[in-house]
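I opened this entry to look up the ligand surroundings and the nonpolar packing. My notes follow the structure.

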Amino acid sequence: MNTSVMLDTGAATRLDRELFAWLGSSNSSNSSSSSAVGTADTFPYDSLLAHLRAVGKHFLAPELLERLAGCRELAGWEAGAEPSAAFLTRFLDVVLDKHDGRYDYQSYTALSLLRRPAAPEAADTERPDWEELRRHRDRTVLLLLADLIEFERAAADGCPTDPREMLPESGVLDKRQRLAVRVMEAAALRALAPGVVDPTAVAATPGRTPAGELAAAVLATATGQERLLLTASVQPVYVLHDEYLFLRVLQSFEATFTFMAGALDQAVRQLREARPGDAAIAVATVADVLKESLPLFSLLATMQPESFQIFREFTDGASAIQSEGYKTFESLCSRPGQARLDSAAFTSVPRVREAVLNGRPTVQGSWQELIAEHCPAEADRTSVLAAAQQLEAVHQRWKQTHYRLAVRMIGTRTGTGSTEGVPYLGAVIANRLFPAMAQQPTGVG
Ligand code: HEM
């Protein structure tokens with residue numbers, strides 16, 4: 001396939017006109033010192049995204065990038081006071097990541113757009129509990145995968161939208177929808193109104209809920225802001241259909257890691273407050289949600305390796321080894337060994353590494369302190385150790401499946417995160433989340 005810049009002149013001209021008009025109206029609203037309220041709301045998101053998806057982010061023209069940098073500067077003036085201007089600034093940061101020389105995994109996956117606004121240094125008691133975090137994860141994953149189903153359905157119905165090159169055959173498009181449903185069902189049973197998903201049917205045969213109906217039910221509840229967020233967060237680097245799937249799967253895992261890290265943080269606090277029973281529930285829930293998410297890998301395995309090998313040429317420098325959510329989750333279980341902390345695994349996430357080096361408490365460490373100082377009831381001891389072992393087992397499955405997927409997709413090629421690729425992933429399987437807790441018997445000793 002010829003990977004040269006694809007021309008989309010009609011759409012590009014329309015976009016140019018709209019951007020000029022937007023810049024003109026923003027300038028006049030600022031120069032008359034009236035508030036630019038609403039200005040960010042009228043930004044031509046749809047035209048820009050349509051163009052970006054038709055040519056690929058890697059191939060945006062230099063003049064367009066300069067113009068967008070000007071738009072970002074204007075939006076930045078209002079970003080402190082106006083949520084819509086703050087969103088527009090973050091959105092343009094994602095569009096301009098390569099132009100700015102800041103391109104990485106966070107910007108490739110548009111995580112700054114999907115993340116819930118950070119609570120300003122919330123006190124322990126004000127941090128959201130794991131149930132609230134799981135609600136947020138469920139909603140995000142449902143929206144992301146419902147949107148993916150719509151994208152795949154349009155292609156299956158013969159009306160593909162961009163990115164649309166190298167369309168897989170229709171059987172693959174149908175399989176994708178079924179696998180997306182498989183991941184959605186558990187979240188849908190918790191989050192959607194009763195009746196949308198049949199719990200008995202799911203228990204008997206998972207993945208059979210009609211994909212179109214489930215996606216429509218989810219998207220019918222989306223707010224205007226959520227719809228904007230969904231469209232703004234797909235910024236493929238190239239023009240191949242499969243990259244949409246890749247982005248949505250990464251984002252769904254990231255929403256899951258965010259929940260896992262938050263719930264484990266709560267488990268640590270519960271152990272330090274000598275509440276092992278509550279901590280066990282939080283850790284077991286983390287294991288359950290990770291288990292529910294494993295079919296995301298089966299979904300991604302439907303990606304055509306030949307597509308991936310083409311578009312990954314333009315993702316170089318962005319690798320999930322830079323995932324802060326994953327490394328936060330890992331390092332909340334127990335303190336990683338010094339060799340791992342000094343390897344690319346943690347030097348790729350400097351903020352997480354620093355938190356570990358500053359002595360952030362962990363589930364395993366807090367548990368060991370608890371059993372040294374108190375004598376937890378046998379039932380609590382059993383449930384904490386069982387939950388840790390459950391999470392360990394699911395995480396081992398996660399790593400093994402990830403390894404197999406990488407073998408299929410890249411074979412002997414190096415990783416985009418500067419490791420040697422598959423051999424790195426093979427080696428990390430030996431690591432354990434709770435090395436000291438695995439040796440403790442769960443029953444009466
Ligand atoms: C086409 C599918 C995938 C391939 C070929 C792949 C390949 C790789 C490779 C080669 C690495 C090593 C770092 C590097 O050099 O890039 C890596 C690391 C990693 N990947 Fe993937 N990956 C895939 C999908 C995913 C998905 C869907 C996730 C979920 C977010 C993910 C999460 C991670 C994480 C967290 C690491 C760091 C692991 C560690 O440091 O222990 N990967 N991946």
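These notes go from the ligand to the cores, then to one helix.

**Ligand shell.** I worked from a predicted model. I looked first at what surrounds the ligand. I found 25 residues there, and Ser-319, Ala-320, Gly-415, Gly-417 and Thr-419 come nearest. I then checked which elements supply two or more residues to this shell: helix 13 (242-272), helix 22 (378-410) and helix 23 (422-428) do. Helix 22 has the largest share, with 5 residues. I also sorted the shell by class. It holds 16 nonpolar and 9 polar residues, and no charged ones.

**Largest core.** Next I looked up the nonpolar cores. The largest has 102 residues. Leu-145, Ala-180, Met-260, Leu-264, Val-283, Val-286 and Val-363 touch the most other members. Helix 13 turns up again here: this core takes 17 residues from it, the most from any element. I noted that both domain 1 (9-102) and domain 2 (128-439) give the core at least three residues each.

**Ala-180.** I picked this residue for a closer look. Setting aside neighbours within four places in sequence, I listed the contacts of Ala-180 as Leu-145, Leu-148, Ile-149, Ala-211 and Leu-299.

**Second core.** I also found a separate core of 6 residues. Among them are Ile-321, Phe-346, Val-352 and Val-356.

**Helix 12.** Which residues of helix 12 (224-232) are buried? I got Leu-228, Leu-229, Leu-230 and Ala-232. I then looked up what these buried residues pack against. The partners are helix 2 (45-55), helix 4 (83-95), helix 7 (111-114) and helix 8 (130-156).

Notes:
Residues are numbered from 1 along each chain as its sequence is written. This is a predicted model: local features need pLDDT of at least 70, side-chain atom pairs count only at pLDDT 80 or more; totals for chains, interfaces and linings use all residues. A residue is near a molecule or strand if its C-beta atom, placed from the backbone, lies within 6 Å of it. Helices (H or I, at least four residues) and strands (E, at least two) are DSSP runs, numbered from the N terminus. Ala, Val, Leu, Ile, Met, Phe, Trp, Tyr, Cys and Pro count as nonpolar, Asp, Glu, Lys and Arg as charged, and the others, Gly among them, as polar. A nonpolar core is a set of buried Ala, Val, Leu, Ile, Met, Phe, Trp, Tyr and Cys residues joined through C-beta atoms within 7 Å. A residue is buried if 20 or more other C-beta atoms lie within 10 Å of its own, exposed if 12 or fewer, and partly exposed in between; C-beta atoms are placed from the backbone. Domain bounds come from an automatic or database domain assignment. Two residues are in contact if their C-beta atoms, placed from the backbone, lie within 7 Å.
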